[in-house]
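Q: Pick one part of this model and take me through it closely, please. I'd rather have the pieces connected than listed.

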Amino acid sequence: MADTQQVDQKAERKVARLAKQISTFARAHGGAEGQVAHIGERGARIVLVGDDGGWGDLVAPSTEIARQAVEKAGITVHESFDGEFAAKVTTGPYEWKRMAGIQIGG
């Protein structure tokens, strides 16, 4: 029983920490929406898109922890990173340079 409580407390702390980071991002960008994607053994990726077009991501140790964190943060969560949601992302020179570098092997 003690082991289960310890794991639950660790998960609760992780959820709280992720929710705080999500809320901080949302405040800095005038609001935010997100999407949770399973990334295999590594866990889940939380993609955040701010109302101003800024974006970022976080990695959670599991999809369940990621879902709890976005729920606790109170943001809108999309099932997929579809065209309408993706269109809200603003890319700048840095991103375009990185994408071009990937295409030419950089």
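A: Let's start on a strand: Glu33 has Val49 in E2 as its bridge partner. Before going further, this is a predicted model, so local features need pLDDT of at least 70 and side-chain atom pairs count only at pLDDT 80 or more, while totals for chains, interfaces and linings use all residues. Residues are numbered from 1 along each chain as its sequence is written, and side-chain values use heavy atoms, with hydrogens and water left out. Helices (H or I, at least four residues) and strands (E, at least two) are DSSP runs numbered from the N terminus.

Back to Glu33, which sits in strand E1 (residues 32-38). E1 runs antiparallel to E2, with seven bridges joining them; strands count as paired if DSSP finds at least two bridges between them. The two make a hairpin with five residues in between, and Gly40 in that turn has a positive phi of about 85 degrees.

Now follow E2 (residues 44-50) onward to E3 (residues 55-60). These also pair in the antiparallel sense, over six bridges, and form a hairpin with four residues between them, where Gly53 in the turn has a positive phi of about 95 degrees. Going along E2, Arg45 is bridged to Val59 in E3, and Ile46 to Leu58.

How about burial? Six of E2's seven residues are buried (under 20% relative accessible area; exposed is over 50%, partly exposed lies in between, using a 1.4 Å probe and protein chains only). E3 alternates: Gly56, Leu58 and Ala60 point to one face and are buried, whereas Trp55, Asp57 and Val59 point to the other and are not.

That brings us to the charged side chains. Searching the whole structure turns up two salt bridges, meaning a side-chain nitrogen of Lys or Arg within 4 Å of a carboxyl oxygen of Asp or Glu. One of them joins Arg45 and Asp57, with the closest N and O atoms 2.7 Å apart. Arg45 is in E2 and Asp57 in E3, so this salt bridge ties together parts 12 residues apart in sequence. Arg45 is partly exposed at 32% relative accessibility, and Asp57 is partly exposed at 37%.

The other returns us to Glu33, whose side chain meets that of Lys88 (2.6 Å, N to O). Here the link is between distant parts of the chain, 55 residues apart, with Lys88 in the loop between helix H3 (83-86) and helix H4 (93-103). Glu33 is buried at 13%, while Lys88 is partly exposed at 34%.
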